[in-house]
2 protein chains.
Amino acid sequence: MKRRGVEALIVLGDTTLANPDLTYVVGGSLARGGIYFKRVGCKPILLTSTLDVQNARKGHVKNAFTLTDYGFEKLIVKHGQSDAYPKLILRVLKELGAEGKVVIAGRNDLAAGTELIDKLRTLGVRISGENSPTILEAARETKSSAELHEIRDVGNRTTKVIEKVLAKLRSAKRTRGGLVSDGEVATVGTVKRFISIQLAEGGLTAPEGTIFAVGPSSADPHNSGVSNAKIKEHRLIVFDIFPQSESGYWFDLTRTFVIGRPDKRAQHLYQAVQEAHDASIGILRDGLPAKLAMSQACDIIESHGFRTVRDIYDGKARELRAGFIHSLGHGVGLTIGERPYLSLQNTSSLKTGSVVTVEPGVYVPKYGGVRIEDTVHVTDKGCETLSMTRKEFELY
Amino acid sequence: MKRRGVEALIVLGDTTLANPDLTYVVGGSLARGGIYFKRVGCKPILLTSTLDVQNARKGHVKNAFTLTDYGFEKLIVKHGQSDAYPKLILRVLKELGAEGKVVIAGRNDLAAGTELIDKLRTLGVRISGENSPTILEAARETKSSAELHEIRDVGNRTTKVIEKVLAKLRSAKRTRGGLVSDGEVATVGTVKRFISIQLAEGGLTAPEGTIFAVGPSSADPHNSGVSNAKIKEHRLIVFDIFPQSESGYWFDLTRTFVIGRPDKRAQHLYQAVQEAHDASIGILRDGLPAKLAMSQACDIIESHGFRTVRDIYDGKARELRAGFIHSLGHGVGLTIGERPYLSLQNTSSLKTGSVVTVEPGVYVPKYGGVRIEDTVHVTDKGCETLSMTRKEFELY
C-alpha cells in the first residue's frame, strides 16, 4: 500500500460468497458480508451485521464491530438508505484519521459502486482506482502456508473423486461399444450424478459444474458434456473437475482418456499435449517469465503439426477453433481463474508461492480434444504437483 | 431505462457465476463472462470470449460476438492490457451511437471498476451511478414465468431433500437421548453429509452451506451447526436449507422441530413463530406495503412476550440478541437475498410476481431458536407457497 501511495484500503461486500478479496482479508465466511478498513500502519477493523460479528472475530480481524456500533441505523433514519452507507464509511475513515488516497475493493455491483464512489468523492474522500494487479490481486498471487494447506486439502479430496469415477468406469460392463453400470446404460448424465455424489461425500461443491465431454463435444473446451450422450468406447473423454471446499479455496484437475483402445489420431493428440504438459512442469519455477512457459508449450504443440493461439497474436489468424486454442494455465486460490496467468500476454515472472494450473490442450472440431491439467505450486527450485493422481490414457 | 434518462446499459463480468445481473441479461452461464450492451430502442449485443460465444447464442442475446470480432487483441497490443478494455467499450458505444448517460452494472471488483469508470469518463463517456433499486434490481424484483418455473423446480427438489432428511431422522434408533443411524451415532456432521448427498442426487448445490443447528446453537440464526455435536432428543433443531440449481436460481426453506417431545418453552417459541408465519402468509399480496408485513409479525411476536428489532428502530434497544432479531423475509431469485425485503426499512409495496421468503424467528440465547420459513410467490389475490412440505414440530 505504501509503495502505491495508498493510505487506506476498504474491502466491502454484502456476502463473502464469491467475493474473494473480502474472504481473503476477513479470513472466513460472513453470510451478510461486511466492510474491512486497513489504514497503513494500523490494525485493520471490520464492520459486520450483529448476526455475523461473533463469527467474524474467529477470522483474521480481531477488531470486529457491528454496524450498530457505528450508528448505521441512526444514519439511515437521518440521511436515508442510500446516503447512510457513504456517511458510515466516512465516519470510520475520520476515526482512523485517513485523509490520503483510499482504494475501495471487493466484488460489488458497479452501478451501485459508481454511486458510492461518487458520493464519497463529493464528501471529500480521495478514492482511487487500480490497474491490474490491484493491491489484493498482488497479495493473493502468492499463497501463505495456511492457504497452501487449504489448497492441498481440496487437491487431495479432488484426487479421491477422480479416482472413484475412473474405478467406476473401469468396473462397468462393456456392451456393444457402450457401458452399463449398476444395471443402467452409462451416460454423461449418470456419470455426472455419480461425480456430484462423490464430491458431496468429500465435502466439496462444484459451483461452476464439471466437464465430462465425450467424443466431438470434447473438442470445445467449455462444453461441459451432453447429459443424455452415452459413454462409448474408443472416444476421447475430457474430464475436467474444479471443486471448491467450504474454506473457499478451489482446485483444478483434468484427465483425458479413452475407454478401450484409442485410434491413431487420439494418440497423436495425446502425445503432443503430454509432451507440452511435461515440458511445462519441467521449467516452471520462481523467476520464470510466465509467457516463456506458454511459448514453449506452443513450440511443442506446433512441432506436432497443430496451430496455437500464437497465430492470433502474430496476426496469422483472426480466430482459432482447432489446435491449442487457450492459454497454458492460470492461478488457483479463492477463485478458479486468477494471477498468475501462463499466457502470452503476461509480461511478469512467476513467484515462489504461486499456485497455478498447467493445462495444455489440443482440439479438433467434430472429432474431439485432449487436455491434461495439474495444479502445481511454484517454488524456488521448480514446481510441486499438488494433484497426485496418475495419468492413464487407456482405461480397461 | 428511458424513465431514468439512461441511454445505454452495460453489464459486465469475468464470469456469470455469482454475477446475477449478468446471468439475468445473458440468460445462461458463461464461464468467462462477457460484456452486454443495451441501447434504448435497440437490440442488445453481447461480447464474449471465442470459447463461450456459441454457448452465449443459446441465451437471450442473439447478437453475440467474440472479443476478437471487436479487435480486442489488437487494442491490447496498441494500448496495453489496462487501457484496451475501456477502449473496447468505447468502440461498441460509438457503433451503437450511444452518447447519453451510460450505466455500468454487474458484480466486479470495485478497485478495478473505479479505474474503468474513471478511464471511460476521461474518454468522454457519461457514466452514471445508481441508487438502489438499480435498473436491474428493479427488473429482477418481479419474476417472469420462465423464472418462476425455475424457482418452482428448485423448490420441488429442495422439498424432496428436506423430506428425505426428516425420514432418515424418524427412522433412526433412539439410544439414551441420542440417535443412531446406519450403525453410526448421528451428529450434525453425519446429517450434513447426508444432506449434501441428497442435494447432489437432486442436482442441487448449496454454495452458502446448510444450517442444521441443534439446541443452544440454534439461538444464533447464522450458526450453521457444530459438526461434532450429537443429535439429541427434546432439543430445538433449526434446519435451514438454501440450495441453488444449475439454472442459477435459489430456494430457501426452514423447518424447526424437536425429536420427541418439546418442553414448554420450545412450545411457546414455536407457537409465537407459527402464528407470525401464518399471519404473514395471510396478508401478503400485490400492493401490500412491505413494512406492514414485518410490523404485523412484530406485533404478534411481541404479544407473546418477546422483543423484536422494532425496539432498535424505536430507540428502545441498541442491540438485540434475543427475540425476533432479523427481518421477516427477502426476495429470492438469482441470489438468496434481494428485493423485495420484508423489513421495517422498506418503504415500497409488494408487486405481483415477486418471490419472497416468509421467515419469522424467535431466539433465546443459550437455549435455542425457532424459525419457520417458506418461499412464496406474490400474486394479485394473495400469495402462493412454493415449498409444499408440511410443518411438523414433533418428530417421532
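Begin by selecting R107 of chain A: R107(A) has D109(B), in strand 6 of chain B, as its bridge partner. This is a predicted model, in which local features need pLDDT of at least 70, side-chain atom pairs count only at pLDDT 80 or more, and totals for chains, interfaces and linings use all residues. Residues are numbered from 1 along each chain as its sequence is written, while chains are lettered from A and ligands numbered from 1 in the order in which they are written.

Next, select strand 6 in both chains. Strand 6 of chain A pairs with strand 6 (residues 107-109) of chain B in the antiparallel sense, over three bridges. Strands pair if DSSP finds at least two bridges between them; strands (E, at least two residues) and helices (H or I, at least four) are DSSP runs, numbered from the N terminus.

Now widen the selection to the whole interface. Here 53 residues of chain A are in contact with 53 residues of chain B, contact meaning that the C-beta atoms, placed from the backbone, lie within 7 Å. Among the elements of chain A that give two or more residues to this side are helix 4 (81-96), strand 5 (101-105) and helix 8 (188-201). Helix 5 of chain A gives the most, with eight residues. Of the interface residues of chain A, 100% are also interface residues in chain B, so the copies meet through the same surface.

Then display both chains together. A turn of 180° and a shift of 0.0 Å along the axis lay chain A on chain B with an RMSD of 0.0 Å, after least-squares superposition on the C-alpha atoms of residues with pLDDT of at least 70 in both. That is the relation of a two-fold axis.

Return to chain A and colour domain 1 (8-140) and domain 2 (142-395) separately; such bounds come from an automatic or database domain assignment. The centres of the two domains, taken over C-alpha atoms, are separated by 37 Å. Their contact takes seven residues from domain 1 and six residues from domain 2. On the domain 1 side, helix 1 of chain A gives the most, with three residues.

Finally, select Y36(A). Leaving aside neighbours within four places in sequence, Y36(A) is in contact with residues including I10(A), L22(A), P44(A) and V61(A).

Technical notes. Two residues are in contact if their C-beta atoms, placed from the backbone, lie within 7 Å.
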